[in-house]
Structures are given as C-alpha cells and as structure tokens.
Amino acid sequence: MTARTTRCTTAKTRTSRLAAVAAIAVAGSVLLTACGDQTDSGSTSPTKEGGSTNAAPLFSKLPADIQKAGVIKVGTDASYAPMEFTEGGKIVGVDPDLAQALSKQLGVEFQFTSGTFDGLITSIYTGRQQLIMSSMTDNKKRQEGLDDNGKKIGKGIDFVDYFSSGVSLLVKKGNPQGVNSLDDLCGKTVAVQRGTIYEDTFKAQATKCGDKKLTIQAFDTDAEAQTRVKAGGAVADLNDYPVAAYIAKTSGGGNDFEVVGSQSDVGLFGIGVSKDNTQLRDAVKEALDAIIKDGTYAEALKKWNVEDSAVKSATVNAGK
C-alpha cells in the first residue's frame, strides 16, 4: 500500500512530509495561472510540425472533441514531490514531464489543474477533467467506484498504469549499519512520522522481531524523522519510494541519505480516465507504449531518480 492509496484519510500526514522534500527548485514545463475555483492550472504544449499538431503520430486516435479542442484537461494535486509539485510558479515533476512526452505523441496540449486529491475522481465524473495524473494508485475500489467501506459511490474510473511504486527504507549516506531490509532493523532504532502507514509497517516489523526489540521513534513530521537518521540516532526512516529517492537525491546535495533494499507493498500508479471514454483511454495507452519504446519515458524517470519504478509496458486496470 502506498501513501496515495490512503491519502483521503492522511492528508495532514502527507502535507507535512512533503514540506521537507520540495525545497530545491527544479525547472519544469507546466505554467500556473489562477482559476476561478482557486485551483492552479497549466498546460504542456506538443511539438508542432509544419504549423499543425495533426502531424503527431497518434492524433487521429483521439476522440473528435479533443482533436477539435486541441487540449486534454488533466486533474492533479500538485503537492507530491517529485511526482508533481509547484515550484517557482510552475507545476513540475515526473507526471508533468510524462505528460509533455505524451502530448508530442498525441498532438494536443495537456492542461493541468491542481486541486484537492479527494476531488479528482469526482472531476472525472462531472466532466470537468478528462484525465487524472496525480500518482493515483490503481485499485479495484477506484475502478468500481467504491468508498473505503465498500459502498458504491460512483461508476468508477479506468486506469492506464504507468508507474510501479512501493515503500523504501531511507538510511544515512554510506549505510553505516548495513541495513538492506526490514528484517535488518531488529535490535535497532528507527524514526518515522507519527500516524502514517509507515509507522504501521514498523510496528508490524517490531512484532516480527520479537525479543530482538525494534525501537520506534515517532515524530510529528517526516523532516524530524530524517533529522534523527542523519544525526545517527536512528538507522532508518520509511517513505514512498519516489519520495525517498527524491530526498536522497536532493538533501545535502545528495550527501545525506541513500535508499536501500527492495521496495515493499508495491502497487501501480495509473492515469485515470472516465469509463465512458474508452477511446481516450486507449489513445493514452498507445501513447504511453510509444514513449516507453522511444526512450522518452525512461529519460523522464531518470531525471527524477525514480528509474526503479518504470513499467515495461502500459496496462489497463492492472491494479489490485
């Protein structure tokens, strides 16, 4: 289970954690302007050939209304570095970079609007947005329109799966304690943000460790947990893989932390689309396969140090 599987119930947790990881400006391609609903929006522009977007390889695959408009409206919550966040008046990150690559295949702009995560699926239902690109975990509940209690609240959405992510251990640079898995933490002290799924993971591991006690130090913010690890008072912190990788890349110029071991609780992030718009879904899937094949997908992930989350091909509704 990744953080964005349960974001509706952990908004405070994620917001405080992200404040610590989005401190370094990275140039991006999505400009922001104020909107009437107090959300932020921007757009990616496809490469034009001969003054027309119609020369794009997959333009003809799009629904006629999108071809005519020249725009795909995309909902996001731009507060989840490095996947999508705002910096210097722009939306930047993995998802905006992938949208830029997709736009070159499809020949239309991807126009982002940033709002609250828990309103994104509703925006698809109402037609205000046509896609969701917001590190949203593809799962059966979202596919079927169910709430956390299994109650039917909508028709559900389809997903084009593009990113594989689990949780990862973040340790001090050089890994002085030789930690490579959760089992290596037995008999040691870890730091974590209080109330997160990561604390639950550590608690489960503590039970597994038994008499070889795992000591858990919980803090109000992940920044405090990181500080504890950096100071040597704890051997590891736990976070979503892309977030952990971003911290390792940016904190102290890359000299403070490193990510170790394999990801656990791995799931798929998907681009959300209405079940009533299978033509758009299939066009996006074909475009995603195209950028995987031509290497621009890999370039985007490498830029943000999340290559380990790459998928080999696009899939539809493959989440569990």
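The torsion about the S-S bond of cysteine 186 and cysteine 209 is about -80° in this predicted model, so the disulfide formed by the two residues is left-handed. Their sulfur atoms lie 1.9 Å apart, and the structure holds 1 disulfide. The pair links distant parts of the chain, since cysteine 186 sits in the loop between strand E10 (157-172) and strand E11 (189-193), while cysteine 209 belongs to helix H6 (residues 197-209), 23 residues apart. Both cysteine 186 and cysteine 209 are buried.

Strand E10, which precedes the loop of cysteine 186, also contains leucine 169. With a relative accessible area of 5%, and therefore under the 20% limit, leucine 169 is buried. Not counting residues up to four places away in sequence, leucine 169 touches a set of residues that includes Val179, Ser181, Leu182 and Leu185, as well as Phe202, Ala236, Asp237, Leu238, Glu258, Val259 and Val260. The C-alpha atoms of leucine 169 and asparagine 180, which are 11 residues apart along the chain, are separated by 8.1 Å.

As for the chain overall, the protein has 10 helices and 15 strands, and of its 320 residues 51% count as buried. Among contacts with a separation of 6 or more, 76% are accounted for by residues 24 or more positions apart. The accessible surface comes to about 13,600 Å², and carbon and sulfur atoms hold 49% of that area. The largest nonpolar core has 59 residues, and Ile72 and Phe110 are those with the most contacts inside it. A second, separate core of 18 residues includes Val171, Ala218, Val235 and Ala236; Ala236 is also one of the residues touched by leucine 169.

Strand E14 (residues 257-274) holds serine 274. Serine 274 counts as buried because its relative accessibility is 17%. The side chain of serine 274 reaches the backbone nitrogen of aspartate 276 at 3.0 Å, and, leaving aside neighbours within four places in sequence, serine 274 is in contact with Ile124 and Gln130.

Two residues other than glycine with a positive phi are set out below.

| Residue | Phi | Place | Relative accessibility |
|---|---|---|---|
| Aspartate 265 | near 50° | strand E14 | 42%, partly exposed |
| Asparagine 305 | near 65° | loop between helix H10 (296-303) and strand E15 (315-316) | 29%, partly exposed |

A further backbone feature is the cis peptide bond that joins alanine 81 and proline 82, for which omega is about 5°. Proline 82 is placed in the loop between strand E5 (79-80) and strand E6 (84-87).

Confidence in the prediction varies along the chain. The mean pLDDT of the protein chain is 85, and 83% of its residues reach 70 or more. Over residues 6-39, however, the pLDDT is below 50, although this stretch has 91 contacts in the model beyond near neighbours in sequence. The pLDDT is also below 50 over residues 47-53, a stretch with 6 contacts in the model beyond near neighbours in sequence. Where pLDDT is low, the predicted coordinates should not be read in detail.

Note on methods. Residues numbered from 1 in each chain as written. Predicted model: local features only at pLDDT ≥ 70, side-chain atom pairs only at ≥ 80, totals over all residues. Heavy atoms only, no water. Disulfide = S-S within 2.5 Å. Helix = DSSP H or I, 4+ residues; strand = E, 2+ residues; numbered from the N terminus. Buried < 20%, exposed > 50% of the residue type's maximum accessible area, 1.4 Å probe, protein only. Core = buried A, V, L, I, M, F, W, Y, C linked by side-chain atoms within 4.5 Å. Polar contact = N/O pair within 3.5 Å; in protein donor to acceptor, adjacent residues only side chain to side chain. Contact = heavy atoms within 4.5 Å. Areas by Shrake-Rupley, 256 points an atom, 1.4 Å probe, with all protein chains shown as cover. pLDDT = per-residue confidence, 0-100.
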